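Open the model in your viewer and choose a cartoon view to begin. We will go from the whole chain to one helix pair, and then to single residues.

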Amino acid sequence: MPTRKPRADARRNYERLLTEADAVFAEQGTDASLEAVARRAGVAIGTLYGHFPNRRTLVGALLRERNEELFDTGEDLLAAPQAAGALRRWIDLVVTHAASYQGLAALLADSTEDELHESCVRMTGIGDRLVRRAIEAGEVRADLTGEDVFTLMNAAAWTREHGTAGQAERLVDLTVRGFTPPERTAPAPR
């Protein structure tokens, strides 16, 4: 049986909820009251839950387009000439993305089978491929893993949320320097 298109008013409510959720989460973080989102959208809380059964579903819908843009950029980076530079660019992009809203990094790191989890799996997969490519090019340490990079990105996103963008960038800079293969690192002055 074919599914029918949502009614025009239902589609408007959906779009209004996304717009207001974006504003509320930008102001108050992902832990903001869903009642506040519904109120700002001019709908009842039941309407919000009718479209988005839980907070993670709402955040997943908000991030869907941004995620696709991020994934497309990640795929493009896999063809970039400098493998380590592409990996660093990916780290910076994901850190910025994961810090879009206060509390988002923690929400993304939470392991639940849903759209947000699937997005993390895709992000990790692209990161794994970028790491392998940089290892094969001899541009990073052979023992670097995608999990290492994913952990760094979460830590930097958390730092960016709770500290400053400068602190997060310093954390990434220091860690990325540690990715350099030992044979490419100049000996420390004595």
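A helix, for this tour, is a DSSP run of H or I of at least four residues, numbered from the N terminus. With that in hand, select Gly-42: this glycine follows helix H2 and has a positive phi, near 75°. Keep in mind that you are looking at a predicted model.

**The whole chain**

Now zoom out and colour by secondary structure. You should find nine helices and zero strands, so read from the N terminus the elements go α-α-α-α-α-α-α-α-α. Along the principal axes, the C-alpha atoms fill a box of roughly 70 × 40 × 25 Å.

Switch on a surface next. The protein chain exposes about 10700 Å², with carbon and sulfur atoms supplying 51% of that area. Of the 190 residues, 41% are buried. If you draw contacts with a separation of 6 or more, 71% of them join residues 24 or more positions apart.

**Helices H1 and H2**

Select residues 8-28 for H1 and 34-41 for H2; their axes come within 8 Å and cross at roughly 130°. Is this pair oblique or perpendicular? H1 is oblique to H2, because an angle of that kind lies outside the 65 to 115 degrees that count as roughly perpendicular and is not over 145, where roughly antiparallel begins. The crossing is right-handed.

Show side chains for the residues that make this contact:

- On H1, pick Arg-16, Leu-17, Glu-20, Ala-21, Ala-23, Val-24, Phe-25 and Glu-27.
- On H2, pick Leu-34, Val-37, Ala-38, Arg-40 and Ala-41.

Colour them by type, and the contact divides into nine nonpolar, no polar and four charged residues.

**What covers H2**

Stay on H2 and keep Leu-34, Ala-36, Val-37, Ala-38 and Ala-41 selected: these are the buried residues of the helix. Which helices cover them? Among the cover are H1, helix H3 (45-51) and helix H4 (55-77).

**A stop at Gly-146**

Finally, jump to helix H8, residues 146-162, where Gly-146 has its place. Is Gly-146 buried or exposed? Its relative accessible area is 11%, so Gly-146 is buried, the cut-off being under 20%. Leaving aside residues up to four places away in sequence, Gly-146 touches Asp-128 and Val-131. For a last distance, pick the C-alpha atoms of Gly-146 and Glu-115: they are separated by 20 Å, and the two residues are 31 apart along the chain.

Technical notes: Residues numbered from 1 in each chain as written. Predicted model: local features only at pLDDT ≥ 70, side-chain atom pairs only at ≥ 80, totals over all residues. Heavy atoms only, no water. Axes fitted to C-alpha atoms, helices over the stretch in contact; angles between N-to-C directions. Helix = DSSP H or I, 4+ residues; strand = E, 2+ residues; numbered from the N terminus. Parallel < 35°, antiparallel > 145°, perpendicular 65-115°, else oblique. Left-handed = near helix turned anticlockwise from the far one by under 90°. Contact = heavy atoms within 4.5 Å. Nonpolar A, V, L, I, M, F, W, Y, C, P; charged D, E, K, R; others polar. Buried < 20%, exposed > 50% of the residue type's maximum accessible area, 1.4 Å probe, protein only. Areas by Shrake-Rupley, 256 points an atom, 1.4 Å probe, with all protein chains shown as cover.
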